[in-house]
Amino acid sequence: MRLATLRTETGTSAARIVSDSEAVLLPFEDVGALLAQENWQELSLVDAAPTPFSPTDLAPVIPRPGKIICVGLNYAKHIEEMGHERPDVPTLFIKFPEALIGPYDDVEVPEFNAESLDFEGELAVIVGKHARHVKDGDAYIAGYSVINDYTQRTYQKRTQQWHQGKSLEKTAGFGPWLDTEWRPGPAITTTLDGEQMQHSPTDDLVFSPAKLVEFISHIYPLAPGDVIATGTPDGVGHARNPKRYIQNGETVRVEIEGLGAIENTTRVY
């Protein structure tokens with residue numbers, strides 16, 4: 001089952017995707033509000049006439065998550081290219097909801113922030129029920145989505161705290177939907193203006209989604225609709241020689257086989 005948040009004439013609505021261009025609207029403002037219901041799976045199966053939609057109608061699958069927890073250095077080759085040692089525990093940082101945009105929205109970056117912009121295609125985990133001190137992390141995952149941990153490298157590298165380079169307003173494409181049946185394994189591919197930059201199996205992680213849920217839930221509780229961005233593979237622009245940053249008008253596409261794709265064009269103003 002695929003669940004999305006659609007833009008409508010009156011706001012947004014949670015929806016169950018039934019085809020590439022049709023969805024059944026659900027009586028909740030967004031997927032986050034739906035997941036807050038204990039019986040959200042049953043509520044998602046409402047029988048109603050489908051509504052047509054276009055890709056640009058797709059909002060961030062969870063528009064305002066309570067928490068967006070990002071994991072750094074979680075693919076072995078990316079750890080190597082960035083010059084770090086393999087971690088014993090996950091490296092976590094936070095992204096705020098203001099960074100999120102829809103899966104086909106433009107990235108909007110003011111000129112003073114447009115230096116060294118980089119792509120990080122990632123698998124996103126969406127939490128489906130309250131998790132605190134859990135051992136079986138898989139049981140708390142509602143499904144998976146695609147996210148771009150869009151990064152301003154100059155800000156990121158100014159200090160040892162990465163957050164300031166990782167949460168630029170209106171930069172992180174997120175969607176196109178939450179898939180409850182998909183499982184890690186198929187490849188993630190990131191292209192920049194059609195040129196392949198990243199390609200890796202999504203199960204080639206130091207810390208699996210289940211392990212991340214378990215680890216994080218021992219620090220603070222996770223709630224339905226919380227998002228975990230699981231890390232990016234090797235091939236980021238910052239690690240290339242010469243470095244390859246995103247320029248005004250260029251489009252980043254992140255696709256995970258069998259799960260979906262997001263495609264966002266950077267507009268500098």
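A pocket is an open set of grid points with protein on both sides within 12 Å along at least five of seven lines. The largest pocket here has a volume of about 210 Å³. Keep in mind as you look around that this is a predicted model. Besides the pocket, we will visit two nonpolar cores, an open sheet of 5 strands, a cavity and one buried glycine, G72.

**The largest pocket**
- Lining this pocket are 13 residues, and W40, D138, A139, I141 and A142 are the closest to its centre.
- Two elements, α2 (40-43) and β11, each supply at least two residues of the lining.
- The largest share of the pocket lining, 3 residues, comes from β11.

**The nonpolar cores**
- In soluble globular proteins, nonpolar side chains tend to be buried together.
- The largest nonpolar core of this model has 38 residues.
- The residues with the most contacts inside that core are Y144, V213, L222, I228, I246, I256 and L259.
- Elements giving two or more residues to the largest core include the strands β5 (68-72), β10 (121-127) and β11 (141-148), together with the helix α5 (209-217).
- There is also a second, separate core of 25 residues, and among its members are L35, I68, A99 and I147.
- Which residues does L222 touch, leaving aside its neighbours within four places in sequence? L222 is in contact with K67, I69, V127, K129, H130, A131, V213, I216, S217 and I228.

**The open sheet**
- Strands of a sheet pair through backbone hydrogen bonds, either parallel or antiparallel.
- In this sheet the 5 strands follow the order β8-β18-β17-β14-β15, and the pairing is mixed.
- Why is one side of β8 and of β15 left without a neighbour in the sheet? Both β8 and β15 (195-201) stand at the edges, and each has a single partner strand, so one side has no neighbour there.
- On average, neighbouring strands of the sheet are turned by 15 degrees against each other, direction ignored.

**Strand β14 and its partners**
- β14 and β17 run antiparallel and are joined by 5 bridges.
- β14 and β15 also run antiparallel, with 6 bridges joining them.
- I188 is a good residue to find on screen: its bridge partner in β17 is I256, while its bridge partner in β15 is S200.
- I256 is also one of the residues with the most contacts inside the largest core.
- The hairpin of β14 and β15 has 2 residues between the strands, and D193 in this hairpin takes a positive phi near 50 degrees.

**The cavity**
- Rolling a probe the size of a water molecule over the atoms shows where empty space is left.
- How many cavities of 30 Å³ or more does the structure hold? It holds 1, and the largest cavity has a volume of about 110 Å³.
- The lining of the largest cavity is made of 16 residues, with L73, H78, E120, W162 and K166 lying nearest its centre.
- β5 and α4 (153-158) are the elements that give two or more residues to this lining, and the largest share, 3 residues, comes from α4.

**A closer look at G72**
- G72 lies in strand β5.
- Is G72 buried or exposed? Its relative accessible area is 7%, and buried means under 20%, so G72 counts as buried.
- Leaving aside neighbours within four places in sequence, G72 is in contact with T91, F93 and W162.
- From C-alpha to C-alpha, G72 and P97 are 18 Å apart in space, and they are 25 residues apart in sequence.

Conventions
Residues are numbered from 1 along each chain as its sequence is written. This is a predicted model: local features need pLDDT of at least 70, side-chain atom pairs count only at pLDDT 80 or more; totals for chains, interfaces and linings use all residues. Side-chain values use heavy atoms; hydrogens and water are left out. A nonpolar core is a set of buried Ala, Val, Leu, Ile, Met, Phe, Trp, Tyr and Cys residues joined through side-chain atoms within 4.5 Å. Buried means under 20% relative accessible area, exposed over 50%, partly exposed in between (1.4 Å probe, protein chains only). Helices (H or I, at least four residues) and strands (E, at least two) are DSSP runs, numbered from the N terminus. Contact means heavy atoms within 4.5 Å. Two strands pair if DSSP finds at least two bridges between them. Axes are lines fitted to C-alpha atoms, for helices over the stretch in contact, and angles run from 0 to 180 degrees between N-to-C directions. On a 1 Å grid over the protein atoms alone, a cavity is a set of points where a 1.4 Å probe fits but cannot get out, and a pocket is an open set with protein on both sides within 12 Å along at least five of seven lines; lining residues have an atom within 4 Å of a point. Grid points are joined across faces, edges and corners, and a volume is the space filled by probe spheres set on the points.
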